[in-house]
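Colleague: Could you take me closely through one part of this model, the way its strands pair into sheets and the aromatic side chains that go with them? I would like a connected account rather than a list.

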Amino acid sequence: MERRTFVKGVAATSLLGLATSTVEAKKHTKPVSNSNTLKGKEFFLEINYTSVNLSGKNAVATTVNGQISGPTLVWQEGDTVTLHVTNKLKVSSSIHWHGIILPYKMDGVPGITFDGIDPGTTFTYTFKVKQHGTYWYHSHSGFQEQTGVYGSIVILPKKKEPF
């Protein structure tokens, strides 16, 4: 096992213990994507509890589509993207699109730009992609980011890079 893999497992398992003492893992009632990369203009993301074993000890994580980290989202600069985020947790959730230029109501910060995503509901984020580069998304609710609700965003440039 590589040192980096070991350290990531220890850190993730330690953080999971903070937020999982009273949470029970739920089985998914529908299949979720196991794809590590999602491309396109419309995305379906599900935040849920998932049983994990990162270092030999069972724990419960909060995940996006059953994954830690959530799937990498690949967008195209200039496209309008639509992201349907369903919250299957017992508590409110959110997704913040870190570093993305977008309308403030799509920013995903509960109590500031929107009310959050209540348990059992879906919030749809829609915005035009105005930049390119590598970014990330994460929850702004409780310790959900630390327990697994995060992922990468790759935005392909509209025009070819000059190098």
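Modeller: Accessible areas here come from the Shrake-Rupley method with a 1.4 Å probe, and on that basis the protein exposes about 9300 Å², of which carbon and sulfur atoms supply 55%. Please keep in mind throughout that this is a predicted model. Of the 163 residues of the protein, 41% count as buried, and among contacts between residues at least 6 apart in sequence, 70% join residues at least 24 apart.

The secondary structure comes to 1 helix and 9 strands, and, read from the N terminus, the elements run α-β-β-β-β-β-β-β-β-β. Two open sheets deserve a description before the aromatic side chains are taken up.

One of them is an open sheet of 4 strands in the order β3-β2-β5-β7, with mixed pairing. Strands β3 and β7 stand at its edges with a single partner strand each, so one side of each is left without a neighbour in the sheet. Neighbouring strands of this sheet are turned by 20° against each other on average, direction ignored. Within the sheet, strand β2 (residues 42-53) is joined to strand β3 (residues 58-64) by 7 bridges, and the two run antiparallel; here the bridge partner of S51 is V60 in β3. The hairpin of β2 and β3 has 4 residues between the strands, and G56 takes a positive phi near 95° in it. Strand β2 also pairs with strand β5 (residues 80-87), this time in the parallel sense and over 6 bridges. Along that pairing, F44 has H84 of β5 as its bridge partner, while L45 stands opposite V85 in β5.

The other is an open sheet of 5 strands, again with mixed pairing, in the order β1-β4-β9-β8-β6. Its edge strands are β1 (37-39) and β6 (96-98), each of which pairs on one side only, and neighbouring strands of this sheet are turned by 25° against each other on average, direction ignored. Strand β6 is held to strand β8 (residues 133-138) by 3 bridges, and these strands run antiparallel; the bridge partner of H98 in this pairing is W136 of β8.

That brings us to the aromatic side chains, for which a search of the whole structure finds 8 aromatic pairs. W75 and W97 form a tilted pair, with 6.0 Å centre to centre and 55° between the planes. Because W75 lies in strand β4 (residues 72-76) and W97 in strand β6, this pair ties together parts that are 22 residues apart in sequence. Both W75 and W97 are buried. W97 also forms a tilted pair with F127, at 6.3 Å centre to centre and with 50° between the planes. This second pair links distant parts of the chain, since W97 belongs to strand β6 and F127 to strand β7 (residues 122-128), 30 residues apart; both W97 and F127 are buried. Strand β6 is an edge strand of the sheet of 5 strands, whereas β7 stands at an edge of the sheet of 4 strands. Beyond these two pairs, ring pairs link W75, W97, F114, F123, Y125, F127 and Y137 into a cluster.

Methods. Residues numbered from 1 in each chain as written. Predicted model: local features only at pLDDT ≥ 70, side-chain atom pairs only at ≥ 80, totals over all residues. Heavy atoms only, no water. Pairing = 2+ DSSP bridges. Axes fitted to C-alpha atoms, helices over the stretch in contact; angles between N-to-C directions. Buried < 20%, exposed > 50% of the residue type's maximum accessible area, 1.4 Å probe, protein only. Contact = heavy atoms within 4.5 Å. Phe/Tyr/Trp six-rings, centres within 6.5 Å; stacked < 30°, edge-to-face > 60°.
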